[in-house]
Amino acid sequence: MSAHALPEKVRKGDPKRDRGSRTGFSTGANSAAAAAAATLGLVHGQVPDFIDCVLPNTQRVRFAITGGWTDGRRARAVSIKDAGDDPDATNGAHLTAEVERLPGAAGRIELRGGPGVGVVTKPGLGLEVGGPAINPVPRRNIHANVEAAGQPILEAGDGIAVTLSVPGGDEMAKKTLNARLGIVGGISILGTTGIVRPYSTAAFRASVVQAVDVAANQGQRTVVFTTGGRTEKCAMRCFPALDEACFVQMGDFVKAAFQTALKQGMQHIVVGAMVGKLTKIAQGLSVTHAWREEVDRALIAEAAAEVGAPPDLVEEIRAAETARFAAERLAELNLAVAFHRALAERAIRSLRQRYPGPHRLTVLACNFEGVPIVTVEEHELA
């Protein structure tokens with residue numbers, strides 16, 4: 001896939017093209033491309049017009065680079081984001097990287113946030129408060145691509161500082177939930193694979209339905225719905241006896257997934273989720289996308305109180321903007337298993353009420369690294 005390839009023209013009379021399924025690239029992927037291109041500019045004295053960049057999913061992609069310059073000590077490059085068919089406030093953003101040598105900082109790569117990249121002001125996001133809103137996976141990916149491009153500098157005994165900025169990022173951020181999450185001044189640098197898939201389109205919903213149909217057609221009677229790649233890997237480790245066809249990434253489409261599973265007569269439905277999506281499933285939402293409806297903080301606080309969280313912490317949780325805040329604080333008190341069990345039980349009751357039938361329900365709660373916390377079976381509920 002090439003980031004600079006032009007789309008083919010569609011003429012009148014041609015079959016209707018497949019709208020809503022074109023993938024794009026994450027802010028993290030474009031940032032890595034810009035950072036690697038700028039680093040090459042520092043090494044060779046000229047910033048390239050194109051850069052081959054390795055994404056977090058190990059795919060190698062060629063990105064177009066604009067605005068490149070270097071004075072021998074610093075270099076800058078820009079990669080323009082194409083979000084594909086995913087409705088995205090950051091589509092068209094100019095992900096800009098400026099790199100400079102760090103004399104004597106042998107082998108060190110520093111990643112900094114500049115204008116238009118959000119600053120983290122609240123805990124609960126898995127990021128350092130006061131630091132730039134650059135998520136862990138893209139952070140590692142940017143580091144890896146800069147390290148590969150900057151070997152001559154690093155081997156010569158210097159380090160490299162990378163400053164990411166996004167012109168207009170503060171305005172883009174107003175169309176996101178960043179401010180509510182405690183990220184101010186700009187957008188977040190995101191992306192666990194580097195590829196943006198149109199999760200919010202009918203195409204993805206259709207793919208969920210199709211995946212369940214495929215499993216049923218293969219004679220499977222168990223389906224494992226997960227909310228993303230990390231939860232799917234977690235579920236696969238927890239249920240190794242199941243065929244790969246049983247595992248379906250439902251994304252945000254709970255209703256479509258369950259209706260199809262019931263239609264196909266699935267006997268056992270497993271749901272794997274992290275704390276945020278687990279809470280939204282417990283709320284009874286048909287679609288758990290972040291833009292559809294906020295997480296129910298009262299529900300989270302109630303679960304925290306139920307498992308013995310101190311009253312002052314319960315009130316902090318009730319005021320926090322993310323479910324992750326509760327998960328992290330309760331983990332510090334060794335209440336992670338009890339808390340996730342309480343949420344899983346609520347999710348099972350909600351799912352049973354909304355999607356009645358002869359099937360058995362299981363909920364698997366995973367942490368943010370995709371490691372299982374607790375598995376709750378429906379028959380365990382009082």
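This short presentation walks through several strands, helices and one loop residue of the structure shown above.

Good morning. Please keep in mind that the model is predicted.

I shall begin with strand β16, which spans residues 268-273. How many of its six residues are buried? The count is six of six, so the strand is mostly covered; buried here means under 20% relative accessible area. If we separate the two faces, H268, V270 and G272 lie on one side, while I269, V271 and A273 lie on the other. Both of these faces are covered.

Which strands pair with β16? One is β14, residues 222-226, which pairs with β16 in the parallel sense over five bridges. Another is β17, residues 360-366, which is joined to β16 by six bridges and also runs parallel to it. Please look at G272 in particular. Its bridge partner in β14 is T226, and in β17 the residue that stands opposite G272 is L364.

Helix α9 covers residues 275-283. Its buried residues are V275, L278, T279, K280, I281 and A282. What covers them? Among the elements that do so are the strands β16 and β17, together with the helices α8, α10, α12 and α13. Just after α9 comes G284, which has a positive phi of about 90°.

I now turn to another sheet. It is open, has five strands in the order β4-β5-β6-β10-β7, and shows mixed pairing. Why does one side of β4 and of β7 lack a neighbour in the sheet? These two strands, residues 66-70 and 109-113, stand at the edges, and each has a single partner strand, so one side of each is left without a neighbour. From one strand to the next, the twist averages 20°.

At the β4 edge, three bridges join β4 to β5, residues 74-80, and the two strands run antiparallel. Within this pair, W69 stands opposite R76 of β5. Helix α2, residues 136-149, packs on the sheet, where it touches β7 and β10. The direction of α2 makes about 130° with that of β7.

My final item is a single residue, S26, in the loop between β1 and α1. Is S26 buried or exposed? Its relative accessible area is 5%, and because buried means under 20%, S26 counts as buried. Leaving aside neighbours within four places in sequence, S26 is in contact with K81, L190, G191, G194 and V196.

Thank you for your attention.

Technical notes: Residues numbered from 1 in each chain as written. Predicted model: local features only at pLDDT ≥ 70, side-chain atom pairs only at ≥ 80, totals over all residues. Heavy atoms only, no water. Buried < 20%, exposed > 50% of the residue type's maximum accessible area, 1.4 Å probe, protein only. Helix = DSSP H or I, 4+ residues; strand = E, 2+ residues; numbered from the N terminus. Pairing = 2+ DSSP bridges. Axes fitted to C-alpha atoms, helices over the stretch in contact; angles between N-to-C directions. Contact = heavy atoms within 4.5 Å.
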